[in-house]
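Got your viewer open and a selection box ready? Let's walk through the strands and then the pockets, one selection at a time.

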Amino acid sequence: MIKAYRLYTGPDGHSHIESGTVSENIMTEAVAIRFNVSPPHASYDWHTAPEVQYVLTFSGTLEFEVRSGETFLLRPGEVLLAMDTTGSGHTWRLVDEHSWQRAYVVLQQNVSINFIPDYLP
């Protein structure tokens, strides 16, 4: 299992954070992949995800925050599942000396999501 975090929009219209994992044995259909790099100490103010996507981090450690004040650190080798395409959104900032090298893997609509929460209800 690979460490993962899910950003999603709750019924209150705000983004929330859920920690969990992604399974190594599940295939997920994707539409596209895009690569991006942000320089050390970069940040991005409040925004929502443009579409449901996995964000695969190759380098850089980031702190993500949602409006409630919840935060988490995303490290290289971990997966972010960005599903908060509506609502109040999230911010991020690089907290180490590395650039953020990443890939965005855009998922097909209504695809089964490979994410296993740490705490099942």
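Two strands count as paired here if DSSP finds at least two bridges between them. Keep that in mind as you click around this predicted model.

**Stop 1: the four-stranded sheet.** Start by selecting residues 62–66, which is strand β6. How many bridges join β6 to β9? There are five, and the two strands run antiparallel. For a single spot to zoom in on, pick V66: H90 in β9 stands opposite V66.

Now widen the selection to the whole sheet. Going across, the order reads β4-β9-β6-β7, an open sheet with antiparallel pairing. The edges are β4 and β7 (71–74), each pairing on one side only. Turn the view to look across the strands: from one strand to the next, the twist averages 15 degrees.

**Stop 2: the seven-stranded sheet.** Hide that selection and bring up the other open sheet, ordered β3-β10-β5-β8-β1-β2-β11. The pairing in this seven-stranded sheet is mixed. Which strands sit at its edges? Those are β3 and β11 (116–117), and each has a partner on one side only.

Zoom in on the β11 end. Residues 15–22 make up β2, which pairs with β11 in the antiparallel sense over two bridges. Select G20 and P117 together, since P117 in β11 is the bridge partner of G20.

**Stop 3: the largest pocket.** Next, select Y44, H47, P50, W92 and Y104. Of the 17 residues that line the largest pocket, these five lie nearest its centre. The volume of this pocket is about 270 Å³.

Colour by strand to see where the lining comes from. The elements giving two or more residues are β3 (30–38), β4 (43–47), β5 (53–59), β8 (79–82), β9 (90–94) and β10 (100–107). Which of them gives the largest share? That's β10, with three residues. Recolour by class and you get 10 nonpolar, five polar and two charged residues in the lining.

**Stop 4: the second largest pocket.** For the last stop, select I2, V22, S23, I26, T28, Y54, L56, V79, V105, L107 and N114, which line the second largest pocket. Its volume is about 170 Å³. Both β5 and β10 supply at least two residues each to this lining. What does the class colouring show here? Eight of the lining residues are nonpolar, three are polar and none is charged.

Technical notes:
Residues are numbered from 1 along each chain as its sequence is written. This is a predicted model: local features need pLDDT of at least 70, side-chain atom pairs count only at pLDDT 80 or more; totals for chains, interfaces and linings use all residues. Side-chain values use heavy atoms; hydrogens and water are left out. On a 1 Å grid over the protein atoms alone, a cavity is a set of points where a 1.4 Å probe fits but cannot get out, and a pocket is an open set with protein on both sides within 12 Å along at least five of seven lines; lining residues have an atom within 4 Å of a point. Grid points are joined across faces, edges and corners, and a volume is the space filled by probe spheres set on the points. Ala, Val, Leu, Ile, Met, Phe, Trp, Tyr, Cys and Pro count as nonpolar, Asp, Glu, Lys and Arg as charged, and the others, Gly among them, as polar. Axes are lines fitted to C-alpha atoms, for helices over the stretch in contact, and angles run from 0 to 180 degrees between N-to-C directions.
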